[in-house]
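Visitor: I would like to learn how to read a model of this kind. Where should we begin?

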Protein chains: 2
Amino acid sequence: MQAIVASTSTVYGSSYLEYLLPELKTHFENTDEVVFIPFARPGGISHEEYTAKASKGLKSCVKKVIGLHEFEDMNKAISNAKAIFVGGGNTFLLVKQLHELDLMTTLKQSIQSGAKYLGTSAGSNICGLTMQTTNDMPIVYPPSFETLGLLNFNLNPHYQDPDSSSTHKGETRETRIKEFQALNPTAVVGLREGSWIKINNSETTLEGELPAVIFEPGKLPYELNPKSYFKF
Amino acid sequence: MQAIVASTSTVYGSSYLEYLLPELKTHFENTDEVVFIPFARPGGISHEEYTAKASKGLKSCVKKVIGLHEFEDMNKAISNAKAIFVGGGNTFLLVKQLHELDLMTTLKQSIQSGAKYLGTSAGSNICGLTMQTTNDMPIVYPPSFETLGLLNFNLNPHYQDPDSSSTHKGETRETRIKEFQALNPTAVVGLREGSWIKINNSETTLEGELPAVIFEPGKLPYELNPKSYFKF
């Protein structure tokens, strides 16, 4: 299994996917075609617009990006794909469609059988056991919160540290994750923007320049340094 | 119908419910007993701990606060209640239990029949048509996202304006609400901390010192000033 699971598509001050391009050039080496799943529709943009954006972002790495919505048989398209990119946006919208179109299992099998995977934000959330540590609004009602389970933990992308100077009384990200763990015995990785997880067969490492925050049930949160392995 | 629907239980620099007490003294005048629904469990605290907190917060207004979990017949307790307070925490957890215990309809009927209502945060979210504009994490899977519909719009409590100086690339609150409206023709009120909505029979007004942000489908967001009526 070869997967890049990124906190964000874009870091401040650079263009879409730009910071990931050195990694993606290796990841997608000898890959002519990437199947793009645009279902998360950030900001409500259309599947066509989103696929054009992905195509532009990946143009220095791959020859062709095709939106999954263009295929008559989406299950077959995913099964046959050599590379798959699931873009960010709203995780509820993405997960609803993957379940309703019966694509979740096919997607998992395709990645486990060797399709090179790239996920950003919502497309990374679905690599965890469930989507229950997403930051997104429940704008649609999915038939289930279960996701791919390529990782044996959950992800919180765009992780933000508690701001001790804030006067805002809404929950911090840390509080929300602890509320999740009061009811679910699942580890959660808070992945800061600019970080990504690299799955290279049996090795899963943290990439990028920042540490990640690890929430294991019953333990105090701790930081994991870049280039470390995920072993919990 | 008499309801106070508050963005937050607590504003910066004051204690639990303190800023609302002048309003609550009038609202709960001649009310001996308030039934408190602790199901949203902020930070994972127990029903008992949360009820004790509510009781302390309301002690200058009402003689007795009883947790709903203390009643054998919860439906009857809600039907018979003269006053009901639903506290904040996690909206998914709250809504799941209200549906599974078959309390949503009873709660609506009780409020519409005259039980004085107070909601904060998650307890305010449920006054809208659906809980789909909550900020909370989906830590449990509710059987439905539908809520009380005491208001003919949805709420976004703890509303925060986009921060133009931020380097964070996660979605702003405004972007999330627009994603919701790309798929749902429902107006949304962004209720800033320190603001509350007061339902006094047929009049619904904005209270507190700050304007609210109104998102009507197909319109640019606009501000509604304190003491204005909600008419959309």
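Visitor: By what turn and what shift along the axis can chain B be laid on chain A?

Guide: Two copies of a chain are related by a rotation about an axis and a shift along it. In this predicted model, a turn of 180° with a shift of 0.0 Å along the axis lays chain B on chain A, at an RMSD of 0.0 Å. The two copies are therefore related as by a two-fold rotation axis. Both copies use the same surface, since 100% of the contact residues of chain B recur in chain A.

Visitor: How many residues does the contact take from each chain, and what area do the chains bury between them?

Guide: Chain B gives 45 residues and chain A gives 46 residues. Between them they bury about 3700 Å², with 61% of that on carbon and sulfur atoms.

Visitor: How many salt bridges and how many residue pairs in polar contact does the rule find across this interface?

Guide: The rule finds two salt bridges between chain B and chain A. One of them joins the side chains of R176(B) and D136(A), at 3.1 Å from N to O. The polar contacts come to 23 residue pairs, both residues being at pLDDT 80 or more.

Visitor: Which helices of chain B each supply at least two residues of the side that touches chain A?

Guide: Helix 4 (91–100) and helix 7 (173–183) of chain B do. Helix 7 of chain B gives the largest share, seven residues. By class, the side of chain B that touches chain A holds 18 nonpolar, 19 polar and eight charged residues.

Visitor: Why is helix 4 of chain A described as largely enclosed?

Guide: Buried here means under 20% relative accessible area. Seven of the ten residues of helix 4 of chain A are buried, so the rest of the structure largely encloses this helix. Among them are F92(A), L93(A), V95(A) and Q97(A). At the N-terminal end, N90(A) caps helix 4 of chain A, with a side-chain oxygen 2.9 Å from the backbone nitrogen of F92(A). Just after helix 4 of chain A, D102(A) has a positive phi of about 60°.

Visitor: Where is V140(B) placed, and is V140(B) buried or exposed?

Guide: V140(B) sits in the loop between helix 6 (122–125) and strand 6 (154–156) of chain B. V140(B) counts as buried because its relative accessibility is 12%.

Visitor: Which residues does V140(B) touch, not counting those up to four places away in sequence?

Guide: V140(B) touches Q132(A), F145(A) and L183(A), along with F92(B), L93(B) and K96(B). V140(B) and K96(B) are 44 residues apart along the chain, yet their C-alpha atoms are separated by 7.5 Å.

Definitions and conventions
Residues are numbered from 1 along each chain as its sequence is written. Chains are lettered from A and ligands numbered from 1 in the order in which they are written. This is a predicted model: local features need pLDDT of at least 70, side-chain atom pairs count only at pLDDT 80 or more; totals for chains, interfaces and linings use all residues. Side-chain values use heavy atoms; hydrogens and water are left out. Contact means heavy atoms within 4.5 Å. Buried area is the accessible area (1.4 Å probe) that two parts lose on being put together, summed over both. A salt bridge is a side-chain nitrogen of Lys or Arg within 4 Å of a carboxyl oxygen of Asp or Glu. A polar contact is a pair of N or O atoms within 3.5 Å; within protein, one must be able to donate a hydrogen and the other to accept it, and residues adjacent in sequence count only if both atoms are side-chain atoms. Helices (H or I, at least four residues) and strands (E, at least two) are DSSP runs, numbered from the N terminus. Ala, Val, Leu, Ile, Met, Phe, Trp, Tyr, Cys and Pro count as nonpolar, Asp, Glu, Lys and Arg as charged, and the others, Gly among them, as polar. Buried means under 20% relative accessible area, exposed over 50%, partly exposed in between (1.4 Å probe, protein chains only). Copies are superposed by least squares on the C-alpha atoms of residues with pLDDT of at least 70 in both.
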